[in-house]
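Subject: Structure handover

Dear colleague,

Here is the structure I said I would pass on. Please look it over before reading my notes below it.

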Amino acid sequence: RTAHSAWLRRSAGAVTPEESMVLGLSPGSPVLRFHRIRYADDVPMALEYTTIPSQYLASERAVDTSLYAALEKTGSRPVRALQRLRAVLFTPEQAELLGIEPHAPGLLIERRGFLSDGQAVEFTQSYYRGDSYDFVAELQIGATR
């Protein structure tokens, strides 16, 4: 399948209370938001909502296709991430975007990306269709750094 994405919205605004807590920002801090839908061929597969503190990108138009490429240009690409996975039911609005039934099951992956100094630079919530994914993870015991 051929992967591609389409922008739903790119915007600038003030941090929400949730974003403030996750990103370690003061209330009212400026952020950039990137909302897109991810496809495999022409099938919508996932919704992705990302918030970046505005100090790391010039504007919401600084991202063309790759968020990480845009962050790399400013020297702000995350070097570490913490992810949380959990089951969700899609809202009617999300289901419509994905072409599935309202309240269909899905997988939410929340990610916080960090710079080498520990500062959070990214908060992403990715909602994956429950009928289209099979995740595999490899774990190594005693792996060295």
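What follows is a description of the fold, then of the sheet strand by strand, then of a few single residues.

Please keep in mind that this is a predicted model.

Overall fold

The protein chain contains three helices and six strands. Read from the N terminus, the order of elements is β-α-β-β-α-β-α-β-β. Its radius of gyration is 16 Å, close to the 15 Å that the globule rule gives for 145 residues, so the chain is as compact as a globular protein of that length. Along the principal axes, the C-alpha trace spans about 45 × 40 × 30 Å.

Of the 145 residues in the protein chain, 41% are buried. The accessible surface comes to about 8900 Å², and carbon and sulfur atoms account for 51% of that surface. If one takes the contacts between residues at least 6 apart in sequence, 55% of them join residues at least 24 apart.

The sheet

The six strands form an open sheet in the order S1-S2-S3-S6-S5-S4, and the pairing is antiparallel. Strand S1 (3–14) and strand S4 (80–89) are the edge strands, each pairing on one side only. From one strand to the next, the twist averages 15°.

I went through the pairs from the S2 side across to S4.

- S2 and S3: strand S2 (residues 30–40) pairs with S3 in the antiparallel sense over ten bridges. Within this pair, Ile37 stands opposite Leu47 in S3. The two strands form a hairpin with two residues between them.
- S3 and S6: strand S3 (residues 43–53) and strand S6 (residues 120–129) are antiparallel and share six bridges. Ala46 stands opposite Tyr128 in S6, and Tyr49 has Gln125 as its bridge partner in S6.
- S6 and S5: these strands run antiparallel and are joined by nine bridges. Leu108 has Tyr127 in S6 as its bridge partner. The hairpin of S5 and S6 has five residues between the strands, and Gly118 there takes a positive phi near 95°.
- S5 and S4: ten bridges join these two antiparallel strands. Ala81 stands opposite Gly113 in S5.

Two of these strands deserve a note on burial. Nine of the eleven residues of S3 are buried, so S3 is largely enclosed by the rest of the structure. Strand S5 (residues 105–114) is mostly covered, with eight of its ten residues buried.

Glu110

Which strand holds Glu110? Glu110 lies in strand S5. Its relative accessibility is 13%, so Glu110 counts as buried, the cut-off being under 20%. The side chain of Glu110 makes a polar contact with the side chain of Gln125, at 2.9 Å. Gln125 is also the bridge partner of Tyr49 in the pairing of S3 with S6.

Leaving aside neighbours within four places in sequence, Glu110 is in contact with Glu18, Leu82, Gln83, Arg84, Arg86, Phe123, Thr124 and Gln125. When you inspect this site, those are the residues to display around Glu110.

Positive phi outside glycine

Two residues that are not glycines came up with a positive phi.

Asp41 has a positive phi of about 60°. Asp41 sits in the loop between S2 and S3, in the turn of the hairpin those strands form. Is Asp41 buried or partly exposed? With a relative accessibility of 36%, Asp41 counts as partly exposed.

His103 has a positive phi of about 70°. The place of His103 is in the loop between helix H3 (92–98) and S5. His103 is exposed, its relative accessible area being 52%; the cut-off for exposed is over 50%.

In short

The sheet is open, with six strands in antiparallel pairing, and S1 and S4 are its edges. S3 is largely enclosed and S5 is mostly covered. Within S5, the buried Glu110 has a side-chain polar contact with Gln125. Asp41 and His103 are the residues with a positive phi that are not glycines, as described above.

Regards

Conventions. Residues numbered from 1 in each chain as written. Predicted model: local features only at pLDDT ≥ 70, side-chain atom pairs only at ≥ 80, totals over all residues. Heavy atoms only, no water. Pairing = 2+ DSSP bridges. Helix = DSSP H or I, 4+ residues; strand = E, 2+ residues; numbered from the N terminus. Axes fitted to C-alpha atoms, helices over the stretch in contact; angles between N-to-C directions. Buried < 20%, exposed > 50% of the residue type's maximum accessible area, 1.4 Å probe, protein only. Polar contact = N/O pair within 3.5 Å; in protein donor to acceptor, adjacent residues only side chain to side chain. Contact = heavy atoms within 4.5 Å. Rg over C-alpha atoms; globule rule 2.2 N^0.38 Å. Areas by Shrake-Rupley, 256 points an atom, 1.4 Å probe, with all protein chains shown as cover.
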